[in-house]
Protein chains: 4
Amino acid sequence: MRDKKVGVWLIGALGSISTTVMVGALAMRKGLVSSTGMVTASECFNGIDLIAVEDLEFGGCDIRKGTIRESANNLLWETRVLDPRVLGEIEEDFVHVQRAVKSGTSRNSGEAIQKLDAITARRKKPLREEIECLSRSIQSFKKENELGEVIVVNLASTEPPLDLQYCHYNLAAFERCLDQNEFESVRASTLYAYAAIREGCPYINFTPSNGALTPAMVELAERESVPVMGNDGKTGETLVKSALAPMFSYRNLEVLSWQGFNILGNMDGEILAHPQNKESKIRTKDQVLSRILGYSPHSKVSIDYTPSLDDQKTAWDFIHFRGFMGAKMSLQFVWQGYDSILAAPLVLDLIRLAEFAKRRGEAGLMPQLSSFFKAPIGVNEHRLSEQFRMLTNYLNNVRDVRQGLQLVNKKGDACR
Amino acid sequence: MRDKKVGVWLIGALGSISTTVMVGALAMRKGLVSSTGMVTASECFNGIDLIAVEDLEFGGCDIRKGTIRESANNLLWETRVLDPRVLGEIEEDFVHVQRAVKSGTSRNSGEAIQKLDAITARRKKPLREEIECLSRSIQSFKKENELGEVIVVNLASTEPPLDLQYCHYNLAAFERCLDQNEFESVRASTLYAYAAIREGCPYINFTPSNGALTPAMVELAERESVPVMGNDGKTGETLVKSALAPMFSYRNLEVLSWQGFNILGNMDGEILAHPQNKESKIRTKDQVLSRILGYSPHSKVSIDYTPSLDDQKTAWDFIHFRGFMGAKMSLQFVWQGYDSILAAPLVLDLIRLAEFAKRRGEAGLMPQLSSFFKAPIGVNEHRLSEQFRMLTNYLNNVRDVRQGLQLVNKKGDACR
Amino acid sequence: MRDKKVGVWLIGALGSISTTVMVGALAMRKGLVSSTGMVTASECFNGIDLIAVEDLEFGGCDIRKGTIRESANNLLWETRVLDPRVLGEIEEDFVHVQRAVKSGTSRNSGEAIQKLDAITARRKKPLREEIECLSRSIQSFKKENELGEVIVVNLASTEPPLDLQYCHYNLAAFERCLDQNEFESVRASTLYAYAAIREGCPYINFTPSNGALTPAMVELAERESVPVMGNDGKTGETLVKSALAPMFSYRNLEVLSWQGFNILGNMDGEILAHPQNKESKIRTKDQVLSRILGYSPHSKVSIDYTPSLDDQKTAWDFIHFRGFMGAKMSLQFVWQGYDSILAAPLVLDLIRLAEFAKRRGEAGLMPQLSSFFKAPIGVNEHRLSEQFRMLTNYLNNVRDVRQGLQLVNKKGDACR
Amino acid sequence: MRDKKVGVWLIGALGSISTTVMVGALAMRKGLVSSTGMVTASECFNGIDLIAVEDLEFGGCDIRKGTIRESANNLLWETRVLDPRVLGEIEEDFVHVQRAVKSGTSRNSGEAIQKLDAITARRKKPLREEIECLSRSIQSFKKENELGEVIVVNLASTEPPLDLQYCHYNLAAFERCLDQNEFESVRASTLYAYAAIREGCPYINFTPSNGALTPAMVELAERESVPVMGNDGKTGETLVKSALAPMFSYRNLEVLSWQGFNILGNMDGEILAHPQNKESKIRTKDQVLSRILGYSPHSKVSIDYTPSLDDQKTAWDFIHFRGFMGAKMSLQFVWQGYDSILAAPLVLDLIRLAEFAKRRGEAGLMPQLSSFFKAPIGVNEHRLSEQFRMLTNYLNNVRDVRQGLQLVNKKGDACR
């Protein structure tokens, strides 16, 4: 047990992933569920002094009304993942967390999201004022719970893409934007990121929203000595893609077409039914292929809302490729996974690794976390195995430094 | 152009893969087809002085009667891969190759194979005599075509597994076996391997037949300074498996079941319809999963003969896995590829790399070729990306040695 | 409400399907679940005076020890189908039913089943005595619950196929068999059927076990004026097959191969992992195709035990067919359904329709129920649409007779 | 052999389907290919005096330049369906047909199609004049080849949907439209249909273009005693849908979602990449489900252009359904078929059956052909088996009439 607990501030705290993160952590704490699916629970992390899940304290904000209890009920019964009786056992913990859930912002997040905002008549505060408001939420969360550190994770719905302009590439210019209330240049995700980083909180953008970790914001993170990383958690179809696509390169097989069709039925799916918001998602998914293959085959990624599926995302990918003597062949896959169940353990991983990085004095981007993201900022490597190697290399370096010597590390070998 | 051509001696010369190897090489020579699907044609091999496909001279042996022309006709029209008019253009080359196709042996290869043997009344020659006979075939192929080197590739039908005994682990003991005509201890593949290695020919076992490269035979190869490698070309379902399985480890997802169902309709499928022969195949496929995951999930690989598919192998794999909070999810894939079309370019790769290794004075196993095999002898690594790294590391070493210095090699980087 | 309730005697009462039948009926009675999946709940049955599910009283027998409560818990939580809280609400009803569950017989059911038998030292009673014992169970069930009628349904594990001999084709010969204790000529399913029919109970064989409704037993049913039907409930892959296969005939497309691979993880799957028991299942599945197409394409049905799937049967079917100018094309399907959830409502349907037939004085086979079975006894029609037409024709006849006139019936039209 | 041959006038004569129709007919005539895939070649048609394929004479029109020979070469080699040597053997016949291919019209067919029109500067003729021009083409085809009858089949690219107005529901009003040159009220397909019917030619609309067989045009067909039918040949995904969807009704399973994703790479796919043209296709596909089920589940049909697939349409359908106690289950299918290969034999069927209907004096719609169409005009029945029954009933009636008596017809029985 550490002296002080570490806080986790979830943006979109009532959403599917946040709920699963919290339910999972609370249930793990009581030994009701296992840590399967958490990368940091694998033996590759033996000897790495990560914060224990038990030592995390949850809070956050959301634009919707409602309780975590309700979200948990809806989500986990619909996906049939959790025995309702388990929910009963963590009932009290919900009450505690619920108190730490504050009102969020949907500023300039596009119609689909703004429609969800419970405070419909939210007045247009000046930007600086809104940021102060978010900062105060984090500060009081920290104070009330006597937290040593707070990690902020963006799990809100995907915003429409933001067209990056000069002010997003330069911190000083961006500060002027804020001063002059240039509403169009910021989205909710930008305000959150700015507030978090200025408060010294490591910030993880698990969504595709590109308004969050703009180059200006990374500059801020470097200046403030805060580790940050994004974008877009790699949980399903893209995960498989990044594992499979290198195979075609290794075998010098030419990918002719890679068509991917996703259907899902949770709120994420509902928001992504809006073309603008979908656009963000598809952009982060799109680059994976051409980066891995070195060329751009005919490719399409579609996402369709299918309510009956709830949280169970289903994806069909059809890969058409050419082999020897021009022969055309194909590989298809069907992925059926619970979106939030896949995402939640990775969020816990990222929290633990961000806290660790902060403790080690790292600042700015965390390329060692590239395997967790569809579009890892500042990293060109999209092959899953190579991204994972970046993580194990990082762990090996950490171990070596700590041990003050260059021993061949057995665990490192095992995890390769 | 080199001084002397390099010979390729194909065991099972009239089979699907051999035919495709020869048709492909002859058609490439005339610029009628591209080299897609050949690993050694990718840019990772830039600067590596491999023998050109044009400089290969084909020959081999088979237990069936028939001509390469017929095999090519049947195969390539059935798979619809090659324009029949292309076959017309390489007609004459067939005549040349045909002359170099000799009679093979089916000794102790199991009923399914022996039934195919055209010389039904083949008398049981003493083992030494039979080996001499095979050796002479290779010698005369070499002499008649003025070849500098001959590479032998086993592409014959899969034999039943051979229960390895003391004599298979010790060369001296094995020699005694031969002297004493212990028929049960050798299969056709053993005789071929012995003859080839003793003639100084690099030997590639592209089949699962474990009678070929026994430890005793590897000992022989080391003694004779001959590079050898096997077993079982990794062309389809197992290839995908070795690319996908690591993903589950990287994400700490627990594979509960991995069920694979293969259907195919070529001669390979017909032979594998026999339980004994199928057994060999399934053994080499089986170990991949447990080696990659570190545990053995419920797993099954079945292979069924489905004549209408001809050479188009189709595989359905159903992977059931457990994630966070015990949730069960699944990944399915369907692979549809032409067996011979996938195998043939790899055979050309292996020929080129084996010839290269011989020229460099390598002896015994070639672990750098592990990515080509389902069950690479002497290699525990089954993850495709790591196996491929073994190959690129080898290439980088070769380049470094040749350049006599430790420059950071750009090509090596590109191919990672 | 009728004067007297109708009893349902389930053979294999602790198995997955029986449990689901009872849980479903009890939960429906309390309005906790809907009747979706019950054919007799569709509007085609409007105006047909079937017994209400509320008026059914459950009992039965099993060779295993255990309680329905346990079975329900295991099954329904594993399949995540039913909210555990619903189980709580029908807790008391279980106690009532439990009292009516007696010990069954596993005589000559093959090793796989006999191993499950809780009474390992069951002495070999004379056949007549064993039948009396089963009869008394049914009689006391009837008496204790003041039932007007009892319907018997065989839901026990699949037995190995019984080689039918003269005594199975002729009732008098079969009676002699019983008299002479020819143990090898009867299986458990035979004894149950004989006892049930002689007690005047309509008998449904929902399993593939061919020992149950032999021609001799159908003769008995005719003599005793008892309606009977079987074999093997058509719930999953075969259901789809019987819907799809006619399409190929209608279009004059030639089916070349139809390969079906089933994987499942419940007790049914475990028993079917035994080659002998599997044989029965595969036989009933096998005839569907050739009967529909009029010829026998290359075809295979396999069933593999995959524990992690529990009750969720998954089937991959690959259909290869030839069209115009000899072009080969394919259709694949993947069926993912809960075995017991699919079967249970059909069992309720069959109970209601058997009770109805008995009340109407029908005797012997009920061909109108062919759409419910993989291998409907005495019916050559396997096309699902035509089988369903047999059912609606029957309903229309019933309505016409009852109305005493030949009106065009609107409901009949709607259900066509 | 009949006195006179029957002409077939194909609109879109250089397209994939037309080409396959002609190649197929010509190759059948020489005994080079079988009639598999032609419904009228099945034994259900024994005793029905249909015109022989040998007695058909082909002609048509297209807006593109090019030769049938070229189309055939591209198409059939790309799909690998036909041995190129077979094309050689029908070379001369092409020359003959080619002479009968005239210039067509793309009037008001939407941008995507008009761009293909070789005569870019096509002047806007008055409508009546354009119709005369089309009529004369048909007349001269008839005269030059001494044809007894000409059947017209629309196989042109799919036009955008036409918003039907008063003039499309009333023949007199439509005639006024033509007189007044109301360009916006007619599409190319309308002009073709009008010209054909007025020339007494049976007209088949194999495309989804709803401008062709408007109610006004059906009125014209009735007046002129010409049999007509459409719309949209049912060849692939929708065929499977109409075979599978009834299964869910028969079992009282509730379809929650039916998501269909089509990918294809021929000209049809290219045209359908245009949202307007796609709209027509999706409309005819959409109604099938709700008509069969009696309710409208969440449903989507998408069509995406994937060039590498050429003529091989691939469709993935995901069907999510609810069963007993609310359990959700799924059925997926993957259809891989050559679009033109599936369509061509049906076109030959429709030609034969339309000619037969004309000979029998039928006029207006031919509901007996409903099984051939995705959106059969005037027919509400979408279940494949029931549609097929409409055809066999028709055949039985024809036979009965001809035989002048009500014998139980054996063939009718066999084909049911």
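To compare two copies of a chain, we superpose them by least squares on the C-alpha atoms of residues with pLDDT of at least 70 in both. This is a predicted model, where local features need pLDDT of at least 70, side-chain atom pairs count only at pLDDT 80 or more, and totals for chains, interfaces and linings use all residues. Residues are numbered from 1 along each chain as its sequence is written, chains are lettered from A and ligands numbered from 1 in the order in which they are written, and side-chain values use heavy atoms, leaving out hydrogens and water.

Let's start with two chains. Two copies of a chain are related by a rotation about an axis and a shift along it. Here, a turn of 180° and a shift of 0.0 Å along the axis lay chain B on chain A with an RMSD of 0.0 Å. That is the relation of a two-fold axis. Within chain B, the residue that comes closest to this axis is Phe333(B), whose C-alpha lies at 2.0 Å.

Now look at a sheet that runs across chains C and D. Helices (H or I, at least four residues) and strands (E, at least two) are DSSP runs, numbered from the N terminus, and two strands pair if DSSP finds at least two bridges between them. Eight strands form an open sheet with mixed pairing, in the order 8(C)-7(C)-9(C)-10(C)-10(D)-9(D)-7(D)-8(D). At its edges are strand 8 (298-305) of chain C and strand 8 (298-305) of chain D, each pairing on one side only. Inside chain C, strand 9 (residues 312-322) and strand 10 (residues 328-338) pair in the antiparallel sense over 11 bridges; one of the partnerships joins Ile319(C) to Leu331(C) in strand 10 of chain C.

Chain A shows another sheet: 7 strands form an open sheet in the order 3-2-1-4-5-6-11, and the pairing is parallel. Strand 3 (101-103) and strand 11 (364-365) of chain A each have a single partner strand, so one side of each is left without a neighbour in the sheet. Strand 6 (residues 227-230) of chain A meets strand 11 of chain A in the parallel sense over 2 bridges, and Val228(A) has Leu365(A) as its bridge partner.

Finally, which residues of helix 9 of chain C meet helix 10 of chain C? They are Thr190(C), Ala193(C), Tyr194(C) and Ile197(C), and they meet Met217(C), Leu220(C) and Ala221(C) in helix 10 of chain C, where contact means heavy atoms within 4.5 Å.
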